[in-house]
Amino acid sequence: MKPIETYILLSSLFLACLGVKITHRLHDDENGQGRSRGDDSVPIRRESLFLTSTTLWADCNPQTEAVVINGTFPGPTIRAMAGERLIINVTNAMTDRNATVHWHGLSMRLNPASDGTPLISQWPIAPGHWFEYDIKLAKEDVGTYFYHSHVGLQAMTAQGALIIEDRPNDWGKNGSDRSGGKKREGERKHDKLSKNGRSVPGAPYAYDEDRVMVIGDYYHATNADKILKGLLASPFVWPGSANALLVNGMQGQLTCNQTSTDLLDPSIRCPPSVSDQVSNLVPGGCDYSTIEVEHAKTYRLRFIGAQSLMYQHLAILNHTMDLIEADGTYLEKVEVDYLEIASGQRYSVLLKTKSKEQVRKETTDGIYWMRLESRWRAGPSGWARIKYTTTKREASKPPFIDDNRRILANETFGWISSSLSPLRTSAATSAFHYEKVPDDSEVTRSVLINGQQIAAGANLKGVAWNVNDYAYSEETTSTEPYLVEIYKGTKSAPGYDKLDEDDDDGQCYDAKQHIYLARPGEVIDIVLINQPSNISQQTEVHPWHLHSRKHWVIAMGQGDYDPDEVRRIRSEGKGGFKDPILRDTTNVYASPGASYLGSSSTVPKGHQGGWAVLRYRVEQEDAGVYPLHCHWFFHQVMGMSTTWALSPDKINQLVKVYDNQQYLFYGRNVRAEV
């Protein structure tokens, strides 16, 4: 039996001991009565995930108590098709911690309870329990997404790819359930997915296969709980930059440090030699991630930013790429020789592989290298291996191993943000309905979001990230999920009648519940401002992620925010700021005062260090409560998060709670009603 099969078997036995049904695709409610509701014409696809913890060896050094999904890091790739209903059963198979899963980038239209945010959209899943997430996929959801835990720092390792494939011109009548899930009576079977991720007929770009590239970072000789404790402590304990940059959970052939390992856990021993098995679950099993390709084909490489902290540049040496997707939005094709990616962002590129003759002339024997380098803060570099299937070589070393050597471009404010435009062909417009950005005349108000690092805690020896003078905390901001309080009636929905009398600036902020409010039909400009640290007067780059519907980035700039500058950029700009793309994770870059390349520059007091403006249209179907937060995992848990109630007075009218009512209580199993 293979190690991963053994792992799954043992986990299944463990769940059985807890009384958790392993065949959880057919869960009944607490009374054993399975009920049915919904549109039988919508095909349903079912998947199952379970969370456990283990020791990882991603760079040949251990990280203990790492939360993983289905026994692997990253977790399994989930694939579905636009127009389907995706029901995913998530089981918390751990004994000592809560969990949730968030479906990053997907709108939870008319079902905000499936957003996966603890104490906002749901109770966390208690140990030994499960929750069925119910996701309705629209045409515009095609693209590259990912899923991750939203509890503490579990997302450092509890993560995986989620691919929503294009719907072909003509759906097949028959399909096979790749997950093995049983079809409930009355369900319409889902349709077949494309083979090897190949583009479907009618897709805007043609390619032979796709490859998923989860870009991450790794902290060894520690664990997520230890890092979290230090981040929230006073005195503050900073873990520093990551030890390694990862591709699909691997970085290779480094040396295990027994001294640092002993400080973590003296019982863990560094392996005496390299393992024959390449796996980040096996001591000595680390290696460079290998992506296999064939000659003279076109591949769609789906890059997913799943880092904790490290902004990365990456490039495939001796190759160029065509950028075609950002955060689930098809783009007008842009040729690039490297990518920049922050946590939460996703990009797809088309890579045309070389012919056999080209490879022969280049004397590489069919092995090329992808380079990864840290940017906007000092950090490691790394490699991944691009291997043509005809090569007879089993392994090789990269051109050099030198973390201090830069071969990719330096930091650039904004990268190519102003050049990215949505695909506007007639076929794309009819298939994906990429709505154009609302006109300035439609904007109802602007909301200013000031993010700032501050001294906090006992004797001001701790550090927090404030947003408009408030640091969000999962433990103290709310004792019961906002949605649950609304559904149960223990707290009325946040409403405009509850705003402070002095709220005359259009912020619509309920200071008692720490919630921003938005009515259906509004068009809001959310201005994200990079305030300098009140400790160092410096700034950092922040990837801000907005749950629910995607937004447009209409402008970004350096220094102080000025509405006149926004108008100038939009009127004079090209591409991206005149016809901006829809995306869900946007960088607010650091300038001036950025700390990189040995810079010690600071922002003058009373001034700002960069900004970006998101334009967001509130629709009735978005009714729910959602976060807007920095997607650096460390910054988020330190308080850099806001909560938004969209159409709060419509939530009970438009959104139905799970019918079995178990959703309302902690420690229950929650099923999706079909």
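Author: In what follows, two residues are in contact when heavy atoms lie within 4.5 Å. The model discussed is predicted.

Reader: How many helices and strands does the protein have?

Author: Of the 674 residues of the protein, 61% count as buried. Among the contacts with a separation of 6 or more, 77% are between residues 24 or more positions apart. As for the elements themselves, the protein has nine helices and 32 strands.

Reader: Which residues have the most contacts inside the largest nonpolar core?

Author: The largest nonpolar core has 155 residues. Apart from it lies another core of eight residues, including Leu 56, Ala 66, Val 68 and Leu 246. Within the largest core, those with the most contacts are Trp 103, Phe 303, Leu 323, Leu 339 and Tyr 663.

Reader: With which residues is Leu 339 in contact, leaving aside its neighbours within four places in sequence?

Author: Leu 339 is one of the residues with the most contacts inside the largest nonpolar core. Its partners beyond four places in sequence include Phe 303 and Leu 323, two names from that list. The full set is Phe 303, Gln 312, His 313, Leu 314, Met 321, Leu 323, Tyr 347, Val 349 and Trp 415.

Reader: Within what arc do the buried residues of helix 2 fall, seen down its axis?

Author: Helix 2 covers residues 224-231, and Ala 224, Ile 227, Gly 230 and Leu 231 are buried in it. These buried residues line one face of the helix, because, seen down the axis of helix 2, they fall within an arc of 130°.

Reader: What covers the buried residues of helix 2?

Author: At the start of helix 2, a side-chain oxygen of Asn 223 reaches to within 3.2 Å of the backbone nitrogen of Asp 225. The cover over the buried residues of this helix includes strand 22 (462-467) and helix 8 (633-637).

Reader: What is the volume of the largest cavity?

Author: A search of the whole structure finds twelve cavities of 30 Å³ or more. The largest of them has a volume of about 160 Å³.

Reader: Which residues that line the largest cavity are the closest to its centre?

Author: Strand 27 (551-557) and strand 29 (585-588) are the elements that give two or more residues to the lining of this cavity. The lining is made up of 17 residues. Closest to the centre are Ser 417, Leu 420, Val 553, Met 556 and Arg 583.

Reader: Is Met 310 buried or exposed?

Author: Met 310 is placed in the loop between strand 13 (298-305) and strand 14 (311-316). Its contacts beyond four places in sequence include Asp 217, Ser 241, Arg 377 and Trp 632. The last of these is 322 residues from Met 310 in sequence, yet the C-alpha atoms of Met 310 and Trp 632 are 8.2 Å apart. Because the relative accessible area of Met 310 is 0%, against a cut-off of under 20%, this residue is buried.

Reader: What is the relative accessible area of Met 250?

Author: Met 250 is found in the loop between strand 11 (244-247) and helix 3 (258-264). Among the residues it touches beyond four places in sequence are Ala 58, Leu 245, Val 278 and Cys 286. From C-alpha to C-alpha, Met 250 and Ala 384 are 8.4 Å apart, with their positions 134 residues apart in sequence. Met 250 counts as buried, since its relative accessible area is 9%.

Reader: With which residues is Thr 391 in contact, leaving aside its neighbours within four places in sequence?

Author: Thr 391 lies in the loop between strand 20 (381-388) and helix 5 (426-432). At 10% relative accessibility, Thr 391 counts as buried. Its contacts are with Asp 365, Gly 366 and Ile 367.

Technical notes. Residues are numbered from 1 along each chain as its sequence is written. This is a predicted model: local features need pLDDT of at least 70, side-chain atom pairs count only at pLDDT 80 or more; totals for chains, interfaces and linings use all residues. Side-chain values use heavy atoms; hydrogens and water are left out. A nonpolar core is a set of buried Ala, Val, Leu, Ile, Met, Phe, Trp, Tyr and Cys residues joined through side-chain atoms within 4.5 Å. Buried means under 20% relative accessible area, exposed over 50%, partly exposed in between (1.4 Å probe, protein chains only). Helices (H or I, at least four residues) and strands (E, at least two) are DSSP runs, numbered from the N terminus. The arc is that of the directions from the helix axis to the C-beta atoms. A polar contact is a pair of N or O atoms within 3.5 Å; within protein, one must be able to donate a hydrogen and the other to accept it, and residues adjacent in sequence count only if both atoms are side-chain atoms. On a 1 Å grid over the protein atoms alone, a cavity is a set of points where a 1.4 Å probe fits but cannot get out, and a pocket is an open set with protein on both sides within 12 Å along at least five of seven lines; lining residues have an atom within 4 Å of a point. Grid points are joined across faces, edges and corners, and a volume is the space filled by probe spheres set on the points.
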